[in-house]
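Thank you for making time for this today. Please have the sequence and the structure open while I talk, and stop me wherever something is unclear.

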Amino acid sequence: MLALAAVTMSSCLFKTEATVDVSVKNMLGLPAGAGELVYKFKGSDVSVNYRENANSSAATDGNGVARFELKSPEDFVPSGVGYEDRQTFVFCTYDKNGDLNGQTAVTIKPGEKKSVEIRQSSL
């Protein structure tokens with residue numbers, strides 16, 4: 001019985017609840033390309049002016065898209081416990097000096113998949 005409880009708890013500890021694809025475009029509207037880091041912040045977190053405050057980051061692929069798999073319990077309360085709520089996330093990029101050069105926000109709930117775009121203000 002204890003083993004069953006452990007398996008049940010561990011399976012929901014890292015369950016993907018929602019997915020956000022963040023498309024990064026430069027000032028000219030062209031895809032940023034591979035390797036651009038996008039940082040994720042929870043909407044209630046401290047200032048996005050410092051990337052060190054981010055919860056996580058992901059690099060863009062060749063099409064300029066970074067995928068974030070939002071998991072429970074880190075991003076959401078596990079859906080299996082009967083509590084599902086919307087959560088707002090802010091996604092940001094920074095220039096070579098560490099200054100914020102693009103951001104977007106999305107509100108998402110478990111079970112959804114959304115796409116958003118960041119248009120950078122500098123190269």
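Let me begin with K40, which counts as buried because its relative accessibility is 2%, under the 20% that marks the limit for that word. This lysine is found in strand β2, which covers residues 37-42, and I should say at once that we are looking at a predicted model. What does the side chain of K40 make a polar contact with? The partner is the side chain of D75, at 2.6 Å. K40 also takes part in a salt bridge with E74, where the closest N and O atoms are 4.0 Å apart. Since E74 lies in the loop between β4 and β5 while K40 lies in strand β2, this pair ties together parts of the chain that are 34 residues apart in sequence. E74, for its part, counts as partly exposed, at 49% relative accessibility. If we leave aside the neighbours within four places in sequence, the contacts of K40 include A54, N55 and S56, and also F68, L70, F89, V90 and F91.

That brings me to the charged pairs in general. Side chains of opposite charge can pair when their charged atoms come close. A search of the whole structure finds eight salt bridges, and one of the others joins D21 to R67, with the closest N and O atoms 2.7 Å apart. Here D21 sits in strand β1 and R67 in strand β4, so that the pair links distant parts of the chain, 46 residues apart. Is D21 buried or exposed? D21 counts as buried, because its relative accessibility is 12%, whereas R67, at 44%, counts as partly exposed. The strand that holds D21, β1, runs over residues 15-25. The pairing does not stop at two residues, for D21, R67 and K113 are linked in a network of salt bridges. Beyond its neighbours within four places in sequence, D21 is in contact with V65, A66 and R67, and with K113, K114, S115 and V116. A further salt bridge is formed by E69 with K71, the closest N and O atoms being 3.5 Å apart; in this case E69 is partly exposed, with a relative accessible area of 43%, and K71 is partly exposed as well, with 27%.

Let me turn now to the aromatic residues. A pair of aromatic rings is described by the distance of the centres and the angle of the planes. The structure holds three aromatic pairs, and in one of them the rings of F68 and F91 have their centres 4.9 Å apart and their planes at 50°, so the pair is tilted. F68 lies in strand β4, residues 65-72, and F91 in strand β5, residues 87-94, so these rings tie together parts that are 23 residues apart in sequence. F68 is buried, with a relative accessible area of 4%, and F91 is buried too, with 0%. Another pair, F76 with F89, is edge-to-face, at 6.0 Å centre to centre and with 75° between the planes. This second example links F76 in the loop between β4 and β5 to F89 in strand β5, 13 residues apart. F76 counts as buried at 3% relative accessibility, as does F89 at 0%.

Some of these rings lead us into the nonpolar interior. The largest nonpolar core has 16 residues, and V20, V22, V38, F68, L70, F91 and I108 touch the most other members. Which elements give two or more residues to this core? They are β1, β4, β5, β6 and β7, and the largest share, four residues, comes from β1. Apart from this core lies another, of seven residues, among them Y39, F41, A54 and C92.

I would like to finish with confidence. The mean pLDDT of the protein chain is 85, and 80% of its residues reach 70 or more. Confidence is highest in strand β7, residues 113-119, at a mean of 98, and lowest in helix α1, residues 2-13, at 48. Over residues 1-8 the pLDDT is below 50, and this stretch has zero contacts in the model beyond near neighbours in sequence.

Terms used: Residues numbered from 1 in each chain as written. Heavy atoms only, no water. Contact = heavy atoms within 4.5 Å. Phe/Tyr/Trp six-rings, centres within 6.5 Å; stacked < 30°, edge-to-face > 60°. Buried < 20%, exposed > 50% of the residue type's maximum accessible area, 1.4 Å probe, protein only. pLDDT = per-residue confidence, 0-100. Core = buried A, V, L, I, M, F, W, Y, C linked by side-chain atoms within 4.5 Å. Polar contact = N/O pair within 3.5 Å; in protein donor to acceptor, adjacent residues only side chain to side chain. Salt bridge = Lys/Arg side-chain N within 4 Å of Asp/Glu carboxyl O.
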